[in-house]
Amino acid sequence: MSGPEPGPEPEPGPGRQPEPGPQPEPGPAAEPGRGSGPEPGPRPGLAGEPGPHRASQREAREVRQREVGLRSLGQPNALARQFDFTDDSYEWRRLFAELFGTALLVFVAAGGPMVNARFGGHAISSSALVVAPGLMVLAIILFMGAVSGAHLNPAVTIAFALRTDFPLRRVPMYLMAQFAGAALATLIVVGLIGKQGTAGLTLPGPGITGWGAMAWEVILTAGLVSVILGTASGAQQIGAMAAIAVGSYIALAGLIGAPVSGASMNPARSLGPALVLGDWTAWWAYLAGPLAGALVAVGIAHILRGRGGGPFGRRAAQGTLGTGWLPGRPGQPAGPAFEAAPGRQD
């Protein structure tokens with residue numbers, strides 16, 4: 001008959017050596033994961049470990065984020081999801097916005113002089129002809145600046161890219177959309193009222209050489225892009241203050257520069273009509289001048305604010321497409337709770 005089973009050996013005290021013999025297996029407290037007891041499971045609530053209410057907490061957080069985005073004025077979803085402008089699934093919307101916006105700008109900038117020439121040269125005052133493009137840019141920034149950044153100008157796109165506010169891989173398609181929009185607008189005007197000589201082109205003024213026109217374009221574009229980059233760094237390109245600043249600059253620069261160089265400040269605005277109208281007079285001045293002016297503006301921005309790439313500049317350059325944009329489905333209630341429903345397409 002066996003005696004009582006031996007218990008665990010007492011811990012050796014000072015001056016006492018453990019007696020030889022088989023030692024028991026250490027329990028869970030001595031070495032986790034070994035022994036006959038149950039292995040410990042994950043404890044809820046620790047960072048990185050799933051808890052029972054993890055999913056519901058995540059859904060509640062998304063609802064709160066959407067409520068913040070819906071309450072924000074001027075940036076309908078930038079506060080809720082700040083990095084949706086990196087989502088390539090929205091690229092077709094941005095490209096359409098650039099094409100459409102540039103077409104509207106050129107329709108006014110080139111179409112105004114063509115309409116004036118068609119009706120005798122006095123239908124529209126010279127001041128109205130140079131102010132109209134600025135007002136159009138102001139309106140475009142306000143109504144769709146948050147979609148694409150409302151560049152409308154290859155010089156602006158390149159400047160944003162050099163400031164690291166805009167990804168280089170998107171630059172070629174933006175430029176193509178802008179030039180296509182400019183050519184499309186010119187074709188529409190020509191189709192409606194016909195060609196009117198050189199009206200609609202940006203050309204050096206009387207007695208101004210191509211080099212002189214290019215110098216004016218460098219100076220005017222440097223100022224324009226400086227205003228754009230400056231408002232993008234804080235007030236944001238998608239905000240009302242940026243729209244007013246950029247539109248005002250274009251109007252004022254046109255009042256001064258239109259008699260000298262046409263105050264293009266935009267290669268798409270000049271080369272699109274040149275392609276459609278078949279007149280390439282001093283075209284190089286309206287390509288090199290704005291691009292050189294954009295480079296000067298990037299240097300000025302670096303002096304004033306250091307390197308780019310901050311969140312304000314990226315939102316302004318790329319737009320903030322994302323949540324809260326689509327209207328509610330017919331027959332469904334609207335509001336943050338419905339917007340956050342599973343399967344909602346943003």
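**Figure 1. Ala263, a buried residue in a loop.** At 11% relative accessibility, Ala263 counts as buried, because buried means under 20% relative accessible area. This is a predicted model, and the close-up starts in the loop between H8 and H9, where Ala263 has its place. Take a look at the backbone here: Ala263 has a positive phi of about 50°, although it is not a glycine. Ala263 also belongs to the lining of the largest pocket, where it is listed with Val130, Ala258, Gly262 and Arg269 as lying nearest the centre.

**Figure 2. Thr164, a partly exposed residue with a positive phi.** Thr164 sits in the loop between helix H5 (154–162) and helix H6 (171–193). Its phi is positive, at about 60°, and Thr164 is not a glycine either. Is Thr164 buried or exposed? With 47% relative accessibility, Thr164 counts as partly exposed, because that value falls between the 20% limit for buried and the 50% limit for exposed.

**Figure 3. The largest pocket and the residues around it.** Here we move to an open space with a volume of about 730 Å³, the largest pocket of the model. Its lining takes in 36 residues, and the ones nearest the centre are Val130, Ala258, Gly262, Ala263 and Arg269. Which elements give two or more residues to this lining? They are helix H2 (91–109), helix H4 (126–148), helix H7 (210–232) and H8. Sorted by class, the lining of the largest pocket has 24 nonpolar, 11 polar and 1 charged residues.

**Figure 4. Val246 within helix H8.** Helix H8 spans residues 240–261, and Val246 is part of it. Val246 has a relative accessible area of 2% and is therefore buried. For a handy distance to check in your viewer, try the C-alpha atoms of Val246 and Gly223: they are 10.0 Å apart, while the two residues are separated by 23 residues along the chain.

**Figure 5. Helices H9 and H10 side by side.** Helix H9 (residues 267–277) and helix H10 (residues 285–305) have axes that come within 9 Å and cross at roughly 170°. That crossing angle makes H9 roughly antiparallel to H10, because angles over 145 degrees are counted that way. On the H9 side, the contact is made by Pro267, Ser270 and Leu271, and on the H10 side by Tyr286, Leu287 and Pro290. By class, there are 5 nonpolar residues and 1 polar residue in this contact, and no charged ones.

**Figure 6. The largest cavity.** The structure holds 3 cavities of 30 Å³ or more, and this view shows the largest cavity, with about 60 Å³ of space. Which element gives the most to its lining? The answer is H9, with 3 residues. Ser270, Leu271 and Ala274 are among the lining residues, as are Leu201, Thr202 and Leu203. Asp279, Trp280, Thr281, Trp283 and Tyr286 line the largest cavity too. Ser270, Leu271 and Tyr286 will be familiar from the previous view, where they take part in the contact of H9 with H10. The class count for the cavity lining is 7 nonpolar, 3 polar and 1 charged residues.

**Figure 7. Thr186 and its contacts.** Thr186 is found in helix H6. At 1% relative accessibility, Thr186 counts as buried. Which residues does Thr186 touch, leaving aside its neighbours within four places in sequence? Its contacts are Val106, Gly272, Pro273, Val276 and Leu277.

**Figure 8. Where H2 meets H3.** H2 and helix H3 (residues 111–118) pack at an angle of about 30°, and their axes are 3 Å apart. The two helices are therefore roughly parallel to each other, because the label covers angles under 35 degrees. In H2, the residues involved are Val106, Phe107, Val108 and Ala109, and they meet Gly111, Gly112 and Pro113 in H3. The contact of H2 with H3 has 5 nonpolar and 2 polar residues, with no charged ones.

**Figure 9. Stepping back to the whole chain.** To place the close-ups, it helps to see the full chain, which has 12 helices and 0 strands. Of its 346 residues, 40% count as buried. Among contacts between residues at least 6 apart in sequence, 77% join residues at least 24 apart.

Definitions and conventions: Residues are numbered from 1 along each chain as its sequence is written. This is a predicted model: local features need pLDDT of at least 70, side-chain atom pairs count only at pLDDT 80 or more; totals for chains, interfaces and linings use all residues. Side-chain values use heavy atoms; hydrogens and water are left out. Axes are lines fitted to C-alpha atoms, for helices over the stretch in contact, and angles run from 0 to 180 degrees between N-to-C directions. Helices (H or I, at least four residues) and strands (E, at least two) are DSSP runs, numbered from the N terminus. Angles under 35 degrees count as roughly parallel, over 145 as roughly antiparallel, 65 to 115 as roughly perpendicular and the rest as oblique. Contact means heavy atoms within 4.5 Å. Ala, Val, Leu, Ile, Met, Phe, Trp, Tyr, Cys and Pro count as nonpolar, Asp, Glu, Lys and Arg as charged, and the others, Gly among them, as polar. Buried means under 20% relative accessible area, exposed over 50%, partly exposed in between (1.4 Å probe, protein chains only). On a 1 Å grid over the protein atoms alone, a cavity is a set of points where a 1.4 Å probe fits but cannot get out, and a pocket is an open set with protein on both sides within 12 Å along at least five of seven lines; lining residues have an atom within 4 Å of a point. Grid points are joined across faces, edges and corners, and a volume is the space filled by probe spheres set on the points.
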